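Open your viewer, switch to a cartoon view and keep the sequence panel at hand. We will take this tour one selection at a time.

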Amino acid sequence: GEEASVRSVHIHNTFEGGYGIRQGDWVLLNLPKISRKNGKLNKAWAEKRGYPDEKPKIGMLYNLKEDIGQRHDVSADHPERVQQMIELLKSTLGEER
């Protein structure tokens with residue numbers, strides 16, 4: 001059978017100053033340094049794997065239940081969830097608001 005997770009929130013740090021946070025089916029990517037540098041995925045890599053050609057931004061939101069590959073940013077449809085998860089990330093990391 002399935003075991004209950006011991007954590008309700010998971011935080012991942014891939015890039016310096018860039019974090020992802022997962023809460024339930026939701027994942028928020030907060031990549032301010034990459035966003036400020038106008039970073040983009042490698043276009044050929046993104047096309048081959050079906051990722052949209054978009055620039056990273058602060059507060060990209062994905063619903064893993066509907067989009068396990070994290071290909072469709074739904075932050076514009078759920079601004080309240082974005083803000084709640086950014087605040088949760090900040091408080092978990094001990095950052096000032």
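Begin by selecting residues 18–23, which are strand β2. β2 pairs with β3 in the antiparallel sense, and the pairing runs over five bridges. Bear in mind as you look around that this is a predicted model.

Now look at the turn. β2 and β3 make a hairpin with two residues between them. Click on glycine 24 in that turn: its phi is positive, at about 65°. Beside the turn, select glutamine 23 and find its bridge partner in β3, tryptophan 26.

**Next selection: β3**

Highlight residues 26–30 to see the whole of β3. Is this strand mostly covered or mostly open? Four of the five residues of β3 are buried, so the strand is mostly covered. β3 also pairs with β4, again in the antiparallel sense and over five bridges. For one of the pairs that link them, choose valine 27 and look across to its bridge partner in β4, tyrosine 62.

**Next selection: β4**

Select residues 58–63, the strand β4, and pick out methionine 60 within it. Methionine 60 has a relative accessibility of 7%, and because the cut-off for buried is under 20%, it counts as buried. Try a distance label here: from C-alpha to C-alpha, methionine 60 lies 8.2 Å from valine 27, although 33 residues separate them in sequence.

Stay in β4 and move to asparagine 63. Asparagine 63 is buried too, with a relative accessible area of 12%. Leaving aside residues up to four places away in sequence, what does asparagine 63 touch? Its contacts are Asp25, Trp26 and Val74.

**Next selection: tryptophan 26**

Show the side chain of tryptophan 26 and its surroundings. Not counting residues up to four places away in sequence, tryptophan 26 touches Ile21, Leu61, Tyr62, Asn63, Val74, His78, Arg81 and Met85.

**Next selection: the nonpolar core**

Select Ile21, Trp26, Leu28, Leu61, Val82, Met85, Ile86 and Leu89 together and show them as spheres: these eight residues form the largest nonpolar core. Both β3 and α3 (79–93) supply at least two residues each to this core. Which element gives the largest share? It is α3, with four residues. In soluble globular proteins, nonpolar side chains tend to be buried together.

**Next selection: α3**

Color residues 79–93 to bring out α3. Its 15 residues, at 1.5 Å a residue, should span 21 Å, and the end C-alpha atoms are indeed 21 Å apart, so the two values agree. Now mark Val82, Met85, Ile86 and Leu89, which are buried in α3. Look along the axis: these residues cover an arc of only 105°, which means that they sit on the same side of α3. Just after α3, stop at glycine 94, where phi is positive at about 80°.

**Last stop: the whole protein**

Zoom out and clear your selections. The protein has three helices and four strands, and from the N terminus on they run in the order β-β-β-α-α-β-α. Of its 97 residues, 27% are buried. Turn on the surface, too: the accessible area is about 7,000 Å², and carbon and sulfur atoms account for 49% of it. Finally, among contacts between residues at least 6 apart in sequence, 41% join residues at least 24 apart.

Notes. Residues are numbered from 1 along each chain as its sequence is written. This is a predicted model: local features need pLDDT of at least 70, side-chain atom pairs count only at pLDDT 80 or more; totals for chains, interfaces and linings use all residues. Side-chain values use heavy atoms; hydrogens and water are left out. Buried means under 20% relative accessible area, exposed over 50%, partly exposed in between (1.4 Å probe, protein chains only). Contact means heavy atoms within 4.5 Å. Accessible areas come from the Shrake-Rupley method with a 1.4 Å probe; for residues, only the protein chains shown count as cover. A nonpolar core is a set of buried Ala, Val, Leu, Ile, Met, Phe, Trp, Tyr and Cys residues joined through side-chain atoms within 4.5 Å. The expected span of a helix is 1.5 Å times one less than its number of residues. The arc is that of the directions from the helix axis to the C-beta atoms. Two strands pair if DSSP finds at least two bridges between them.
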